[in-house]
Amino acid sequence: MGAGSAPEVPEAPGTTAPRLWVIVGATGTGKSDLSLDLAEAVVARGRRAEIVNADAMQLYRGMDIGTAKLAEDERRGITHHLFDALEVSADAAVAWYQPRARAAISEILSRGADAILVGGSGLYVSSVLYDFRFPPRDPDLRSRLEAELEERGAGPLLARLQDQDPETAARIDPRNGRRIVRALEVLAQGERTHGAALPERPVLWRADSRVLALGVERERLVERLDRRVERMWAQGMLAEVERLRGEGLENGTTARRAIGYAQALAQLEGALTEQEAIAETQALTRRYARRQVSWFRRYAEAEWLDALAPIDVDAIVEGDGNG
């Protein structure tokens with residue numbers, strides 16, 4: 001089912017109909033491991049399970065260390081979808097992602113398997129989980145706005161957005177010129193608001209979806225994130241980015257701005273020292289994690305789990321209405 005489609009009608013509770021599971025949470029909370037544990041628990045009960053990616057940066061081929069992407073040999077034989085789907089020179093966009101993710105999920109379910117959507121990109125998750133429509137596009141208008149962004153920077157465009165749609169402006173990172181341009185493009189076409197955000201009263205795309213959210217106490221999460229960034233550099237982040245430069249990393253507008261990748265590029269260019277690149281990545285990662293938690297806290301369906309405590313996935317699956 002593509003963008004703008006009506007929610008599907010699930011089978012009655014208590015049947016063995018395949019289930020859509022959704023695993024969300026801030027970066028560094030163990031979503032990938034939980035998705036594999038959950039898949040194995042489903043398989044142990046005589047069903048099948050496949051995993052669908054909802055992390056925008058894990059869509060990119062070769063962006064592995066900086067995204068903590070599971071290698072093929074770490075996937076425990078579970079089929080994964082929408083990982084390594086784009087070249088780093090391509091632009092990831094939620095409007096591109098939504099129909100592909102929903103198609104993958106629908107195909108998995110049609111085969112009688114459970115689908116597990118996993119990731120921390122809130123807008124990407126929401127575009128699949130909820131009945132979520134995208135506002136119209138105007139390529140010519142966007143080109144003019146992008147030219148203005150290039151010439152004047154994000155500041156004047158953000159000020160215009162704050163005047164026209166303060167609610168949307170408050171949700172957007174002031175440095176994310178691409179999202180500011182998109183919001184102004186939509187408003188200029190007569191739409192009341194940007195619209196590509198979690199609706200006030202969201203309706204599930206599939207009413208039988210079950211959402212598991214991983215949480216970590218703030219201070220402990222900060223410590224985990226800081227150590228994770230240090231490991232990224234120790235594991236070869238700089239070499240990964242150097243290789244991706246040869247594959248067009250700097251030609252795209254999305255991948256090269258990813259947290260960690262932008263800082264590694266700056267280090268390779270001599271604009272940042274390694275210590276500065278790591279520190280800036282840590283600060284941005286902490287801020288991003290705060291936004292992720294705020295986003296997922298609005299999911300009324302979410303069952304929050306302590307990521308640092310043992311999680312009994314067998315009990316979760318055993319107690320499921322479909323089990």
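Asp37, Glu40 and Arg76 are joined in a network of salt bridges, a good place to start in this predicted model. The network has plenty of company, since the count of salt bridges comes to 22. Three further pairs are set out below, each with its N to O distance.

| Basic residue | Acidic residue | N to O distance |
|---|---|---|
| Arg45 | Glu318 | 2.9 Å |
| Lys69 | Asp64 | 3.1 Å |
| Arg286 | Asp226 | 2.7 Å |

**Salt bridges and where they sit**

Let us take the pairs in turn, beginning with Arg45 and Glu318. Which parts of the chain does this pair tie together? Arg45 belongs to the loop between helix H1 (31-44) and strand E2 (48-53), while Glu318 is in helix H12 (residues 313-318), so the bridge connects parts that are 273 residues apart in sequence. Arg45 is partly exposed because its relative accessible area is 31%. Glu318, at 54% relative accessibility, counts as exposed.

The bridge between Asp64 and Lys69 brings together residues with unlike surroundings: Asp64 is partly exposed at 30% relative accessibility, whereas Lys69 is buried, with a relative accessible area of 9%. The cut-off for buried is under 20% relative accessible area, so the 9% of Lys69 places this residue in the buried class.

For Arg286 and Asp226, the bridge runs between two helices. Arg286 lies in helix H11 (residues 274-296) and Asp226 in helix H8 (residues 218-234), so parts that are 60 residues apart in sequence are tied together. Is Asp226 buried or exposed? At 12% relative accessibility, Asp226 counts as buried. Its partner Arg286 is partly exposed, with a relative accessible area of 22%.

**Aromatic pairs**

Now for the rings. The structure holds 3 aromatic pairs. In one of them, the ring centres of Tyr97 and Tyr124 are 5.0 Å apart and the planes meet at 50°. Why is this pair called tilted? Planes under 30 degrees apart would count as stacked and those over 60 as edge-to-face, so the 50° between Tyr97 and Tyr124 makes the pair tilted. The two residues come from distant parts of the chain, with Tyr97 in helix H2 (residues 94-110) and Tyr124 in helix H3 (residues 122-129), 27 residues apart. Both tyrosines, Tyr97 and Tyr124, are buried.

Phe296 and Tyr299 make another aromatic pair, this one edge-to-face, with 5.4 Å from centre to centre and 80° between the planes. Phe296 and Tyr299 are both buried as well. Together with Tyr130, Phe296 and Tyr299 form one aromatic cluster.

**A positive patch on the surface**

Back to charges, this time on the outside. Which residues gather in a patch of positive charge on the surface? The members are Arg175, Arg218, Arg290 and Arg291. Among them, Arg175 is placed in the loop between helix H6 (166-171) and helix H7 (177-188). With 57% relative accessibility, Arg175 counts as exposed.

**One more arginine**

A last stop is Arg160, found in helix H5 (residues 154-164). At 29% relative accessibility, Arg160 counts as partly exposed. How far from Ile180 is Arg160, going by their C-alpha atoms? The separation is 9.5 Å, for residues that are 20 residues apart along the chain.

Definitions and conventions
Residues numbered from 1 in each chain as written. Predicted model: local features only at pLDDT ≥ 70, side-chain atom pairs only at ≥ 80, totals over all residues. Heavy atoms only, no water. Patch = residues over 30% accessible without salt bridge, like charges linked within 9 Å, V, L, I, M, F, W, Y side chains within 5 Å. Areas by Shrake-Rupley, 256 points an atom, 1.4 Å probe, with all protein chains shown as cover. Salt bridge = Lys/Arg side-chain N within 4 Å of Asp/Glu carboxyl O. Lys, Arg positive; Asp, Glu negative; His and termini not counted. Charge placed at Lys NZ, Arg CZ, Asp CG, Glu CD. Helix = DSSP H or I, 4+ residues; strand = E, 2+ residues; numbered from the N terminus. Buried < 20%, exposed > 50% of the residue type's maximum accessible area, 1.4 Å probe, protein only. Phe/Tyr/Trp six-rings, centres within 6.5 Å; stacked < 30°, edge-to-face > 60°.
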